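Open the model in your viewer and keep the selection tool at hand. We will go from stop to stop, and at each one I will say what to select and what is there.

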Amino acid sequence: TVMFGLPTYAILYYLLPGINQLHSPFRWVFGFTLSIAVLAGFGADQLFVGARRDAPEMRTGGSRAAPTQRILGFILIAVGGLITIALIASRLFYDQLTAGIITRIFNSMALANTAFPDARTFYSYQALNIGIFALVLIGCGVVFLTRWKILAVVLIAADLMIASYSFNPASDPAWLDHVPASIAWLQNQPGEWRYTTYEDQTQADTQLFNANMTLGYGVDDIRGYESIIPRAYVDFMRTLAPQVQLDFNRVAPIYAYYPAELNFDPRNALQSDTLDRLNVRYVITQTTTDLNDLAYTLAYEDSAVRIWENPGWRARAWFESASGETPVEITAVGAREWLFTVDAPQAGTLIVSQSHDFGWRAFIRPAGGTEDDESPLTVEPYQGGLQQVAIPQAGAVTIRLVYRPQSLYVGGVISFLGGVIV
């Protein structure tokens, strides 16, 4: 239904929230793989264990397959044989019988014409897959008839290797140890900060530091490439620049050129408070781009990129009160938990340059205290997309932010999705 874009896919696409972001079939592969593995486990148990319990010849110690299994085995072999014969016939009589059918299938499949130049190429590509399918069916039939466990294991292993051998590249793992000079320079810059890219589409190297690429190097990016992107973050990023890559599940870089109907000057984005509040210290460009007129400082340059320092960048977190701003020390950084220490001159607000979500919780304790000394606070949205926590007291305190969605909230989402399905 999903991978072939059948009409039944519309039930999911239009009814379940967020599903219309899942344009690509491969995004379903995890759920599909899990489901098939579980079903295969049930089937193997019935074939090799359940039949021994149920069939009379199995109860007496026989090794012959049960009648139902033998029937299924013959059916599988017959179907596999018929598909093989039909495939051979379709090739021998392609122009006389097959071409019209394949052309209609090709033209009716979504985006097939973007992957293959014509219907004949599509047929050539799929004929091999269909041939493999037919041989695997015949092999499955033999497994049902013989109940040879080793044959089942060999068949599954062969099927998986045939499917993936050309997909997974055989590359030298030493390449993973290579760190480009520009990345190494960024890694050596102290503190917590982020970067983004400013990309000139007229240049040959139009993609700089592809989204998510630097996560493995510990370098933070305001862009992203995810199957489902939170709406609140997208809306917040729209205050910086038009989001023109959402069809590809990406938060976009800042581009040098936008369609005229958007009426947007990208130089405004490079000078915006939003960029500063997003903790963007560096903007990466092609080597032909000059940002000196925007008061940016050229911090690094090599033959591949230029890295400019944003003069107005703000810290990952800061404290605001009637007395002004007070520096905040980040004492622990994690994927779901942060610790901030501030010597607050009076009550005020901790601002954290991090995407707001209702799963974040905040706790306050005296500086130097433990979690046993904590009391809860509330995390609220700041300017639509970031986080703020009201600090009700003066003095040296530690604020712990932890991502911990309440079970009631998660249960409510599940109940809502279940209700939609029903």
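How many residues does the hairpin use to join β7 to β8? The hairpin from β7 to β8 passes through four residues.

Before going on, a word on the model: it is predicted, local features need pLDDT of at least 70, side-chain atom pairs count only at pLDDT 80 or more, and totals for chains, interfaces and linings use all residues. Residues are numbered from 1 along each chain as its sequence is written, and side-chain values use heavy atoms, with hydrogens and water left out.

**First stop: the hairpin**

Select 297-301 for strand β7 and 306-309 for strand β8; the two run antiparallel and are joined by four bridges. Helices (H or I, at least four residues) and strands (E, at least two) are DSSP runs, numbered from the N terminus. Two strands pair if DSSP finds at least two bridges between them. Show T297 and look across to β8, where E309 stands opposite.

**Second stop: two open sheets**

Next, colour the sheet with the order β10-β9-β13-β17-β16, an open one of five strands with antiparallel pairing. At its edges are β10 (324-327) and β16 (379-382), each pairing on one side only. Neighbouring strands here are turned by 35° against each other on average, direction ignored. Axes are lines fitted to C-alpha atoms, for helices over the stretch in contact, and angles run from 0 to 180 degrees between N-to-C directions. Zoom in on residues 317-321, strand β9, which runs antiparallel to β10 and is joined to it by four bridges. There, F319 stands opposite T326 of β10.

Now pick out another open sheet of five strands, ordered β11-β12-β18-β14-β15 and again with antiparallel pairing. Its edge strands are β11 (329-332) and β15 (375-377), which each pair on one side only. The twist from one strand to the next averages 30°. Three bridges link β11 to the antiparallel strand β12 (residues 337-344). Label A332 and its bridge partner in β12, L339.

**Third stop: helices that cross**

Select 67-92 for helix α4 and add α5: their axes come within 6 Å and cross at roughly 105°. That makes α4 roughly perpendicular to α5. (Angles under 35 degrees count as roughly parallel, over 145 as roughly antiparallel, 65 to 115 as roughly perpendicular and the rest as oblique.) Show S90, R91 and L92 of α4 with Y94, Q96 and T98 of α5, which make the contact; contact means heavy atoms within 4.5 Å.

Keep α5 (residues 94-108) and add helix α7 (residues 119-146), which packs against α5 at about 95° with the axes 9 Å apart. Here too the arrangement of α5 and α7 is roughly perpendicular. On the α5 side, show Y94, D95, T98, I102, T103, I105 and F106; they meet A119, R120, F122 and Y123 of α7.

**Last stop: a pocket**

Finally, select D221, R223, Y233, Q354 and S355. Of the 28 residues lining the second largest pocket, these lie nearest its centre. On a 1 Å grid over the protein atoms alone, a pocket is an open set of points where a 1.4 Å probe fits, with protein on both sides within 12 Å along at least five of seven lines; lining residues have an atom within 4 Å of a point. Strands β2 (220-221) and β3 (224-225) are the elements that give two or more residues to this lining.
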